Structure formats: structure tokens, C-alpha cells
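Okay, thanks for making time, everyone. Let me put the thing up on the screen and then walk you through it.

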Amino acid sequence: MAPKPAAAQIEQRGEDHLEFETAVREHQGLVYSMAYHFLGNRAVAEELAQDVFLSLYRNFQNIKSGSHLVFWLRKVTSHRCLDYIRGQKHRAHLSLEEVRERPLRHQDPDPFISGHLRRMVTSLPEKARMVVVLRYQEDLTPTEISELLEMPVNSVKSHLRRSLALLREKMSSRLRVEPYE
Amino acid sequence: MNSIEEDLKQALRRQEPPADFAGKVMDRVNSGSGLEPEKRPGPNKVLVFRLKPKVVLWLATAAAAACVLGLFTIRSYFADRGSVEVAGPVSTSNQLPRVATPQPSDARPNPAPSIAEGNEIGRGPRRIGAGDLRPGIRRSSHRGHAGTSVPDEARRAEEQLRLALAIASAKLGYAQRSIQEADGTNSVDREANP
């Protein structure tokens with residue numbers, strides 16, 4: 001006996017629901033990490049990641065494949081992060097040059113390079129920061145990043161080059177060691 | 001890949017969200033909170049009005065027409081004002097003032113009309129206020145000084161101008177005569193010494 005149309009809809013909705021939940025569990029790390037590495041704040045990153053998944057739920061019918069889903073999530077997350085930063089008008093802007101440099105030896109409570117690097121990444125200019133996050137978290141090529149952020153490949157490359165130079169310089173002066181390779 | 005790139009990869013490796021993250025998302029989905037269509041900033045009615053191409057075109061045309069009309073009105077107003085101020089005394093006396101300057105002889109007709117005649121009689125009195133005057137005179141005819149009426153000032157300016165033109169005319173005639181005399185001398189010399 002064929003199910004009634006309403007029941008079919010409910011059944012279909014249930015399947016979509018399950019599929020969506022699977023997608024959330026599978027890709028939550030991607031979305032949350034991008035937001036966290038970009039924003040540097042766990043609570044805000046979690047809130048933003050939830051919004052991204054709610055947006056995915058609204059557009060779930062339009063997702064065609066797994067790769068399309070990943071592309072969609074990366075794109076929406078990056079744009080939402082950039083929008084969030086731009087929306088914070090009153091936020092005090094701290095450029096990388098303004099990051100206070102402290103000697104590492106005795107006072108610094110966080111001696112781990114990863115922690116320093118993460119903090120320095122969050123002080124990069126917004127576009128450069130997103131490029132760095134996509135390059136080193138998601139391991140995307142400059143071409144893929146340019147498609148995702150809708151910017152020329154050369155801009156992506158120059159963002160990467162300048163960001164690496166800045167980070168290298170800051171790390172060298174911060175750690176007071178040999179020039180950073 | 002160099003050291004900083006390795007360190008960046010290490011620093012930016014994926015991190016899992018809090019354990020109940022997926023549950024929170026599903027709760028929001030089930031409760032329907034945040035599922036309403038995303039509100040995009042609605043267009044401002046005034047902005048829409050301003051951005052309609054036809055309206056913009058009409059407004060721009062009207063503004064341009066108003067500017068042209070305004071400029072034309074202002075210009076004609078000042079031109080009329082200048083002619084009215086000067087027209088009175090000029091219309092009553094068309095004769096140039098007598099100036100004690102050497103005049104060309106009666107037997108020899110003056111081939112070139114004097115500047116005063118060319119400017120004053122040929123064009124009429126209206127030109128005095130329009131653009132042939134010196135800046136100082138033009139300004140005084142428009143604004144006037146404290147305590148003097150504008151027509152008086154214009155009349156004085158006109159007299160000064162006539163005097164200046166008469167002097168210039170006389171000097172021109174004198175120079176012309178001198179040249180002609182010199183030419184005559186030269187012709188005699190040429191005849192004597194071919």
C-alpha cells in the first residue's frame with residue numbers, strides 16, 4: 001500500500017533530517033575551526049558555526065554532492081566570518097604591527113609556538129587572515145582559495161606572501177632566536 | 001615547505017567544537033529558531049525613489065534646465081541693469097566732450113575713425129556697462145559706494161571713459177599724422193636719391 005502524500009512528506013522530511021544531522025556531525029570541525037581560527041574566540045565561533053549549519057538546513061535541497069557540500073560550507077563560513085568582522089564597527093582594530101611584543105623568557109604564560117601563531121594569525125588583516133586559514137587549515141591551493149573568496153589568484157598569492165613575511169618577522173623578534181625560516 | 005608553514009599547519013589544524021554542538025544545532029532546527037528566511041536589508045523607499053533610472057533622469061534634466069535658466073536670468077538682469085544705468089546720460093548727449101588735444105587738420109580727412117566713435121557711436125550706450133569697461137569701473141557701476149547713488153557713479157565713470165577714449169583717439173591721430181609726414185619725407189628722399 002502506497003503511503004499517503006502527507007506521510008510521504010513526513011518520511012522524506014525525516015530522511016532529510018537524518019541526512020542533515022549526519023552532515024553536521026561530519027563537517028562541524030571544518031566550520032567551527034575556520035570560524036575559531038579566523039575570529040580567535042570560541043564562543044563567537046560556535047555561534048557563527050551554528051548559524052552556518054542553520055543556513056545549510058534552509059538550503060539543504062540545493063546541495064548536489066558531498067564535494068558541493070564542502071565547497072558550500074567553506075564559502076558560507078568564510079563569507080560569514082568576513083561579514084562578522086566588518087559588522088563590528090566599534091571593535092578596536094589591532095593590526096599585526098601593533099601587537100605588543102614581550103620577551104618570551106620568563107613572563108610569557110604561553111610558550112607554545114602554535115598558540116603564538118594562532119594569535120598572530122587573528123591579528124592579520126581580514127582577507128589575508130582568511131586566505132591563511134584556508135591555505136593552512138583546509139590545505140587549499142591558491143586557485144581554490146581564489147574561487148572560494150572570489151578574488152584573483154595573484155591577490156591570494158600576494159596575501160599569502162605578505163602574511164608569511166609578517167608572521168616570520170614577528171616570530172623571529174618575539175622568540176629572540178635565529179631568523180625564522 | 002619551510003618551518004613557518006609547518007608551524008602554521010600545526011597551529012591551524014582542525015579542532016572539534018564542544019561535544020554538544022551538533023545537538024544544539026539540531027535543537028535549533030527542531031525548535032525552528034533561526035530558520036526563518038534571512039532578512040536582508042530592505043531597500044529604503046527614499047533610496048528606491050532616488051535610484052529609479054527614469055526619476056533620476058528627470059531630476060537631472062530638471063536640475064540642469066533650472067541651472068541654465070537661472071544663469072540666463074542673472075546674466076540678463078545684470079545686462080539690463082547696466083544699460084539702464086548708463087542709458088540716461090548717453091541718450092541726452094551724443095556728443096563727445098571737447099578735450100584740448102591736438103586735432104587733425106580739416107583738409108586731411110581722418111582715415112581711421114577714432115576709438116571713441118568706434119566704441120561709442122557704433123555700438124551704442126549699452127556696451128558701456130557690459131564688458132568694455134575696466135574692472136574697477138564695472139564694479140563701481142554695479143555695486144556703488146556708500147553715500148553715492150549708482151546712476152551718479154555710472155555717469156562719472158562714463159565721463160572718465162569718454163575722456164580716456166578722446167585722449168587715446170587724439171594720440172592715435174597724432175601718431176598717424178606723424179607717420180604720414182615721415183612717409184612724405186621719405187618719398188622726397190627716395191625721389192632725390194633713387
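I'll start with chain A as a whole, then go to the contact with chain B, then to a few helices and single residues.

One caveat up front: this is a predicted model, so please keep that in mind for everything I say.

So, chain A. In terms of secondary structure, it has 7 helices and 0 strands. If you read the elements from the N terminus on, you just get α-α-α-α-α-α-α. There are 181 residues in chain A, and 27% of them are buried. As for the contacts with a separation of 6 or more, 63% of those in chain A come from residues 24 or more positions apart.

Okay, on to where the two chains touch. How many residues does each chain put into the contact? Chain A puts in 33 residues, and chain B puts in 24 residues. On the chain A side, the elements giving two or more residues are α1 (5-39), α2 (42-58), α4 (113-122), α5 (126-136) and α7 (153-175). Out of these, α1(A) gives the most, with 10 residues. And if you sort that side of chain A by class, you find 18 nonpolar, 7 polar and 8 charged residues.

Now let me zoom in on a helix pair inside chain A, α5(A) and α6(A), where α6 is residues 142-149. Their axes come within 10 Å and cross at roughly 130°. That angle makes α5(A) oblique to α6(A). For the handedness people: the crossing of these two, α5(A) and α6(A), is right-handed. Who meets whom? From α5(A) you have A:Met130, A:Val131, A:Leu134 and A:Arg135, and they meet A:Ile145, A:Leu148 and A:Leu149 from α6(A). By class, the residues of that contact split into 6 nonpolar, no polar and 1 charged.

Next, α4(A). The buried residues I'd point at here are A:His116, A:Leu117, A:Met120 and A:Val121. They sit on the same side of α4(A), because the arc they cover around the axis is only 135°. A:Ile113 is in α4 of chain A too. Is A:Ile113 buried or partly exposed? It has 18 C-beta neighbours inside 10 Å, so A:Ile113 counts as partly exposed; the cut-off for buried is 20 or more. A:Ile113 also pairs up with A:Met171 in an interesting bit of bookkeeping: 58 residues apart along the chain, with their C-alpha atoms separated by 8.6 Å.

Compare that with A:Tyr57, which is in helix α2 of chain A. With 21 C-beta neighbours inside 10 Å, A:Tyr57 counts as buried. Look across from there to A:Phe20: the two, A:Tyr57 and A:Phe20, are 37 residues apart in sequence, and C-alpha to C-alpha they are 6.9 Å apart in space.

Last stop, chain B, helix α2, residues 21-31. Which of its residues are buried? That would be B:Phe21, B:Val25 and B:Val29. The arc they cover around the axis is only 75°, so they end up on the same side of α2(B). Flip to the other side of α2(B) and you find B:Asp27, B:Asn30 and B:Ser31, which are exposed. And just after α2(B) comes B:Gly32, with a positive phi of about 80°.

That's what I wanted to show. Over to you for questions.

Note on methods: Residues are numbered from 1 along each chain as its sequence is written. Chains are lettered from A and ligands numbered from 1 in the order in which they are written. This is a predicted model: local features need pLDDT of at least 70, side-chain atom pairs count only at pLDDT 80 or more; totals for chains, interfaces and linings use all residues. Two residues are in contact if their C-beta atoms, placed from the backbone, lie within 7 Å. Helices (H or I, at least four residues) and strands (E, at least two) are DSSP runs, numbered from the N terminus. Ala, Val, Leu, Ile, Met, Phe, Trp, Tyr, Cys and Pro count as nonpolar, Asp, Glu, Lys and Arg as charged, and the others, Gly among them, as polar. A residue is buried if 20 or more other C-beta atoms lie within 10 Å of its own, exposed if 12 or fewer, and partly exposed in between; C-beta atoms are placed from the backbone. The arc is that of the directions from the helix axis to the C-beta atoms. Axes are lines fitted to C-alpha atoms, for helices over the stretch in contact, and angles run from 0 to 180 degrees between N-to-C directions. Angles under 35 degrees count as roughly parallel, over 145 as roughly antiparallel, 65 to 115 as roughly perpendicular and the rest as oblique. A crossing is left-handed if the near helix is turned anticlockwise from the far one by less than a right angle, and right-handed if clockwise.
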